[in-house]
Every structure is written in structure tokens, then in C-alpha cells.
Amino acid sequence: MKAKLGMSPIAWWNDDLVELSDDVSLEECLRQSRSAGFTGMEKGRRFPDDPATMLPILKAADVTLCGGWFSGTLVDEDLSANKDRIAPMIELFKAVDAPCIVYGEVGQSIQGKRDVPLSRKPKLSEDEMKAYARKVTQFGEWCAEQGMPLSYHHHMAAVVETEPELDAFMAASGEGIPLLLDAGHLAFAGGDVLRAIDRHHARINHVHVKDIRRSVVDGLDRNKQSFLDAVALGAFTVPGDGSLDFAAIVQRFADHGYEGWFVVEAEQDPVANPPLKMAQVGHAELMRVMTAAGYSVETKGFPKD
């Protein structure tokens, strides 16, 4: 089985908490992640939106674009508004041969609101969840028709956060909207990562190998503290530095025949947790557990002519 290892630039630049950002260039971010062994990087705010500008940067760094976040609003807004906003991103991702666009629902979400506690996350009724899931499926089908598949990201503080919410969304949605399984977000929400992989493996097309620090997560007062408070306190980290058993998680993906990207996404204070060091820790742990699970990990970066 074949796998590719990527990283998210959120370890260097945090879009929601500017104070948790390292003042490094895109080129330096790519250099550090590639030196740690990662062959892919998801899109961040310092990436250019013009493929003619992006491709030479990726080529020089020997890194491919392995995904990127789209802030969807389908829970509140219509399909046409989201189609208009994602259309340029689809063309960009096609031009640089990215595997998918990550759909993250920000409608009604409190994930970017420092003053709103975790307990006040949005919740959909059964009928609302069914309608939402059908709408997202339509959107996913349309994006695939344009030549770029989506990957739906369940997320803390959003409308699909908990394991029961994920199950309800998956039951009401269709194959037109594949799933991004994020181990850290699901564990933070109290879910069982292995059970979710067993239930939804047929729709998983992208994986975030985010770890959590259990002591931080369990110590939160969810009636007072927000998602961003949790991030600032160090709730997330890379595999090998946290509390999740990635040997078991990766083995479960292997058991179901998953092949593709495993992306380290770990937002935390870059001063206390230097991104290069964290990248090295995460890559070493993933190579250990992936080798044990029987994966052959791709070592080539940017495709050579």
C-alpha cells in the first residue's frame, strides 16, 4: 500500500490567532517541512493564488500541493454563492494537480470566536442535518464535475463536530461528498477514532493526523473556554508528541486499504513548539507506524518532467 506524507502550514502561520504565527516566508516554510521529510503541503494564507507563480515555488522546494481549506457556508447560504467563491480555487488546484479541496463549514461555527465557549457550538436538528447533508452532497458533486473533488472536514465548534453528528451527516449525505477524517478533532470531541474509520472508511479520501494533548483537552472548562482558548493552551500537537495511538490509527486505515495523503495539521505556539522540530517529530513517528502497518511512503516531491 502506498501513502504520502504532507503537512499544513498552520504550524507556522495561524489564520485565527495571529500571535501563534512564526514570521517565516512561504519558501522557508516549505524548506523546513521538506527537510523533515514531508513531500506535500496544504495551502496557507501566504501561498499565491496564481498557478504561474505557485508552480515555480513548489518546484524549487520539491513539494506538491496536497490540499487546502475552503470556508464553506452551505448551512446558511445557497449553492450559487459557494460555487462562485470556490470556482477560482478549483481552477488553481487543477492547475497544480492537487488531490482535493478541504471543505470546512464556517456557517454558524464558533471556531474563530475567542469569546464564545465550546458549549455554545451550533447544533442542527435531525431534519436540518438531513437537509444540510443533501446540500453539501450536491455541492460536492458539482465540484467533482468541475474536475476537483472535495473532502468534508468535521471540525470542533462547527455544525458537524461530534461522532454522532458525523454519523448523522454521513448517513444523510452521499458518495458525492467524500470525508476527511481528522483524528485530533474527533478525539477532542469525545469520539472514537477507530470506530469512525470502521464506519466511514469507504468515503474517506483524505486524512489529517492531528494529535491532542489529553491533559489540556480534559482540563478545559467548556462552559467558559473557547476553541481558540484550547488551541492557545496547546490542545493540539503532532503525532509522537501527544496522547493518541497513531500505531493503531494508521493500522486501521491500512486494514481498510486506504491509500493517499496523511497530513500533519497541528496548530500551536511556534515559539514553545518550533515548527521544524515538531515536523521532525511528527515525520519520524509517522514513518515508524506506517512502516509497521505495511505502507510504502512516497519520498518524491514535485513531479519531475
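Glutamate 165 and lysine 121 are both buried, and in this predicted model the two side chains form a salt bridge, with 3.1 Å between the closest N and O atoms. The partners come from distant parts of the chain, 44 residues apart. Glutamate 165 sits in helix H5 (residues 163-172), while lysine 121 belongs to the loop that runs between strand E4 (101-105) and helix H4 (126-145). This is one of the 19 salt bridges counted in the model.

Helix H5 turns up again in a second set of contacts, this time with helix H7. Arginine 195 pairs with glutamate 163, and here the closest N and O atoms are 2.7 Å apart. Since arginine 195 lies in helix H7 (residues 193-200) and glutamate 163 in helix H5, this salt bridge ties together parts that are 32 residues apart in sequence. As for exposure, glutamate 163 has a relative accessibility of 5%, so this residue counts as buried, the cut-off being under 20%. Arginine 195, on the other hand, is partly exposed, at 38% relative accessible area.

Glutamate 163 also meets the side chain of arginine 199 in a salt bridge, at 3.6 Å from N to O. Once more the link runs between helix H5 and helix H7, with glutamate 163 and arginine 199 standing 36 residues apart. Arginine 199 counts as partly exposed, with a relative accessibility of 48%. Put together with Asp167, these residues make up a network: Glu163, Asp167, Arg195 and Arg199 are linked by salt bridges.

Turning to the pockets, the largest has a volume of about 440 Å³. Its lining takes in 27 residues, and those closest to the centre are Ile10, Asp15, Asp16, Trp69 and Glu265. Strand E2 (40-43), strand E3 (64-72) and helix H9 (227-233) each contribute at least two lining residues. By class, the lining of this largest pocket splits into nine nonpolar, ten polar and eight charged residues.

The second largest pocket comes in at about 360 Å³. Of the 19 residues lining this second pocket, Lys4, Thr64, Asp97, Gly301 and Pro303 are the closest to its centre. Helix H2 (51-61), strand E3 and strand E10 (260-264) each supply at least two residues of the lining. Strand E3 thus appears in the linings of both the largest pocket and the second largest one. The second lining is made up of nine nonpolar, four polar and six charged residues.

Key
Residues numbered from 1 in each chain as written. Predicted model: local features only at pLDDT ≥ 70, side-chain atom pairs only at ≥ 80, totals over all residues. Heavy atoms only, no water. Salt bridge = Lys/Arg side-chain N within 4 Å of Asp/Glu carboxyl O. Helix = DSSP H or I, 4+ residues; strand = E, 2+ residues; numbered from the N terminus. Buried < 20%, exposed > 50% of the residue type's maximum accessible area, 1.4 Å probe, protein only. 1 Å grid on protein atoms, 1.4 Å probe; cavity = no way out; pocket = protein on both sides within 12 Å on 5 of 7 lines; lining within 4 Å. Points joined across faces, edges and corners; volume = space filled by probe spheres on them. Nonpolar A, V, L, I, M, F, W, Y, C, P; charged D, E, K, R; others polar.
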